[in-house]
Amino acid sequence: MDNEKDITLDTDPLSFSPYEDIGACSMAIGSISEFDSAMMGEDERQLIEEIKFMCLRIIHSGIKEIYQSNCYGEEEDAS
């Protein structure tokens with residue numbers, strides 16, 4: 001099996017709809033919301049903050065994409 005080096009995998013990131021992204025982030029935030037930060041070390045607290053930050057950014061992007069694709073932004077431009 002000398003040709004194993006020639007095998008390439010599809011490395012494109014998964015493409016989800018904004019609804020799926022928002023749902024996944026909501027579930028992630030929900031799963032960490034019950035953690036007691038007083039019982040965590042500094043590294044764990046930093047990890048939780050990073051997860052929250054990333055999720056909020058993804059949710060923001062998803063909401064913005066939905067907003068723009070539904071032409072809600074055109075109402076503001078017309079006035």
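Select Cys55 and display its sulfur: the closest cysteine sulfur, in Cys25, lies 4.0 Å away, which is too far for a bond. A disulfide would require a pair of cysteine sulfur atoms within 2.5 Å, and the structure holds zero disulfides. A disulfide is a covalent bond between the sulfur atoms of two cysteines. This is a predicted model, in which local features need pLDDT of at least 70 and side-chain atom pairs count only at pLDDT 80 or more, while totals for chains, interfaces and linings use all residues. Residues are numbered from 1 along each chain as its sequence is written, and side-chain values use heavy atoms, with hydrogens and water left out.

**The two cysteines**

Remain at this pair and colour by accessibility. Cys55 counts as buried at 7% relative accessibility, and Cys25 is buried as well, with a relative accessible area of 6%. Here buried means under 20% relative accessible area, exposed means over 50%, and partly exposed lies in between, for a 1.4 Å probe and protein chains only.

**The whole chain**

Zoom out to the cartoon view. The protein has three helices and zero strands, in the order α-α-α from the N terminus. Helices (H or I, at least four residues) and strands (E, at least two) are DSSP runs, numbered from the N terminus. Of the 79 residues, 13% count as buried. With the surface switched on, the accessible area comes to about 7,100 Å², and 56% of it belongs to carbon and sulfur atoms. These areas come from the Shrake-Rupley method with a 1.4 Å probe, and for residues only the protein chains shown count as cover.

**Helix α1**

Next, select residues 18-32, which form helix α1. The 15 residues of α1 should span 21 Å at 1.5 Å a residue, and the end C-alpha atoms of this helix are indeed 21 Å apart. The expected span is 1.5 Å times one less than the number of residues.

Which residues of α1 are buried? They are Pro18, Ile22, Cys25 and Ile32. These residues cover an arc of only 100° around the axis, so they are on the same side of α1. The arc is taken from the directions from the helix axis to the C-beta atoms. Rotate to the face turned away from the buried side, and the exposed residues Tyr19 and Met27 appear. The buried residues of α1 pack against α2 (42-69).

Three further residues of α1 merit selection in turn.

- Asp21 is partly exposed, with a relative accessible area of 26%. Beyond residues up to four places away in sequence, Asp21 touches Phe16 and Ile58, where contact means heavy atoms within 4.5 Å. The C-alpha atoms of Asp21 and Cys55 are separated by 8.9 Å, although the two residues are 34 residues apart along the chain.
- Gly30, also in α1, counts as partly exposed at 38% relative accessibility. From C-alpha to C-alpha, Gly30 and Lys52 are 10.0 Å apart in space and 22 residues apart in sequence.
- Ile32 counts as buried at 8% relative accessibility. Leaving aside neighbours within four places in sequence, Ile32 is in contact with Ile48, Ile51 and Lys52. The C-alpha distance between Ile32 and Lys52 is 8.7 Å, with their positions 20 residues apart in sequence counted as separation.

**Helix α2**

Now select residues 42-69, helix α2. This helix has 28 residues and reaches 41 Å from its first C-alpha to its last, close to the 40 Å expected at 1.5 Å a residue. Buried here are Ile48, Cys55, Ile59, Gly62 and Ile66, and what covers the buried residues of α2 includes α1. After α2 comes Cys71, whose phi is positive, near 65°.

**The salt bridge**

Finally, display the side chains of Arg45 and Glu42. What joins these two side chains? They meet in a salt bridge, at 3.3 Å from N to O. A salt bridge is a side-chain nitrogen of Lys or Arg within 4 Å of a carboxyl oxygen of Asp or Glu, and by this rule the count comes to one. Side chains of opposite charge can pair when their charged atoms come close. Both Arg45 and Glu42 lie in helix α2, three residues apart, which is about one turn of the helix. Arg45 is partly exposed, with a relative accessible area of 30%, whereas Glu42 counts as exposed at 51% relative accessibility.
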